[in-house]
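Visitor: I've got the sequence and the fold up on my screen, and I'd like to know where the labels come from. Can you walk me through them?

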Amino acid sequence: MSESDNQDDFLRGFENIPSDKKLQSFSYIQLLAERHSTKRDSPRFHVITREINKHILNYQSKLNRKNIIIGALIGGVFGLSGVALGYFLK
C-alpha cells in the first residue's frame, strides 16, 4: 500500500465513509438513506452523492443503449442507400 492509500483509508475511517466496494454494492435506495442520514456538505455526503450519480448514469446508459444502436443502424442504412443512389445516378 502506498502512503496516499494509507492516508485515504485514515480519512475514510475518520469521516466514517464506506469503502468504494461497499458503496458500489449498495442499492440506489440504500444510498439515498445513507445520504439522508449524513450531514450536508460533509466529505461523506459528497462521496455518497458521487456514488448516487454513478448509479443514475449507469441506469440512463442502459436505457439509451438500444436507442443509440437503432439510430446508428438507421444512419448506416441511409448512408449506404445514398452511396448506392449516387452510384446509379452517375
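Guide: Happy to. Let's start with two rings: both Tyr87 and Phe88 are exposed. Keep in mind that this is a predicted model.

Visitor: What makes Tyr87 and Phe88 an aromatic pair, and which kind of pair is it?

Guide: Their ring centres are 5.5 Å apart, and rings count as paired if the centres lie within 6.5 Å. The planes make an angle of 70°; over 60 degrees is called edge-to-face, so that's the label here. The count comes to 1 aromatic pair.

Visitor: How many salt bridges are there, and what makes something a salt bridge?

Guide: The count is 3. The test is a side-chain nitrogen of Lys or Arg within 4 Å of a carboxyl oxygen of Asp or Glu. Take Asp20 and Arg50: their closest N and O atoms are 3.5 Å apart, so the pair passes the 4 Å test.

Visitor: Why do you say that Asp20 and Arg50 tie parts together?

Guide: Asp20 sits in helix α2 (residues 20–25) and Arg50 in helix α4 (residues 43–89), so the bridge links parts that are 30 residues apart in sequence. As for accessibility, Asp20 is at 35% and Arg50 is at 37%. Partly exposed covers the values between 20% and 50%, so Asp20 gets that label, and so does Arg50.

Visitor: What about Glu34 and Arg44: how far apart are their closest N and O atoms?

Guide: They are 2.2 Å apart, so this pair also passes the 4 Å test. Glu34 belongs to helix α3 and Arg44 to helix α4, so parts that are 10 residues apart in sequence are tied together. Glu34, at 23% relative accessibility, counts as partly exposed. Arg44 is at 13%, and under 20% means buried, so Arg44 is called buried.

Visitor: How do you know that Glu51 and Lys54 form a salt bridge, and what separates them along the helix?

Guide: The N to O distance is 3.7 Å, and the limit is 4 Å, so the pair qualifies. Glu51 and Lys54 are 3 residues apart in helix α4, so about one helical turn separates them. Lys54 is partly exposed, with a relative accessible area of 40%.

Visitor: Is Glu51 buried or exposed, and how do you know?

Guide: Its relative accessibility is 4%. The cut-off for buried is under 20%, so Glu51 counts as buried. Leaving aside neighbours within four places in sequence, Glu51 is in contact with Leu23, Gln24 and Leu31.

Visitor: Which residues make up the largest nonpolar core, and what makes it a core?

Guide: There are 7 residues: Ile17, Leu23, Phe26, Leu31, Val47, Ile48 and Ile52. To belong, nonpolar residues must be buried and joined through side-chain atoms within 4.5 Å. Helix α4 gives the largest share of this core, 3 residues. In soluble globular proteins, nonpolar side chains tend to be buried together. Looking at one member, Ile17 touches Arg12, Pro43, Arg44 and Val47, not counting residues up to four places away in sequence.

Visitor: Which residues make the nonpolar surface patch?

Guide: Tyr28, Ile29 and Ile56 do, and the patch is about 270 Å². Ile29 lies in helix α3 (residues 28–36).

Visitor: Why is Ile29 called exposed?

Guide: Its relative accessibility is 60%, and exposed means over 50%, so Ile29 earns the label.

Visitor: How far is His55 from Tyr28 in sequence and in space?

Guide: His55 and Tyr28 are 27 residues apart in sequence and 6.8 Å apart in space, C-alpha to C-alpha. His55 is found in helix α4. Beyond four places in sequence, His55 is in contact with Leu23, Gln24, Phe26, Ser27, Tyr28 and Leu31. At 23% relative accessibility, His55 counts as partly exposed.

Visitor: Last one: what is noted about the phi of Asp41, and where does Asp41 lie?

Guide: Its phi is positive, about 65°, although Asp41 is not a glycine. Asp41 lies in the loop between α3 and α4. Its relative accessible area is 57%; the cut-off for exposed is over 50%, so Asp41 is called exposed.

Technical notes
Residues numbered from 1 in each chain as written. Predicted model: local features only at pLDDT ≥ 70, side-chain atom pairs only at ≥ 80, totals over all residues. Heavy atoms only, no water. Patch = residues over 30% accessible without salt bridge, like charges linked within 9 Å, V, L, I, M, F, W, Y side chains within 5 Å. Areas by Shrake-Rupley, 256 points an atom, 1.4 Å probe, with all protein chains shown as cover. Helix = DSSP H or I, 4+ residues; strand = E, 2+ residues; numbered from the N terminus. Buried < 20%, exposed > 50% of the residue type's maximum accessible area, 1.4 Å probe, protein only. Contact = heavy atoms within 4.5 Å. Phe/Tyr/Trp six-rings, centres within 6.5 Å; stacked < 30°, edge-to-face > 60°.
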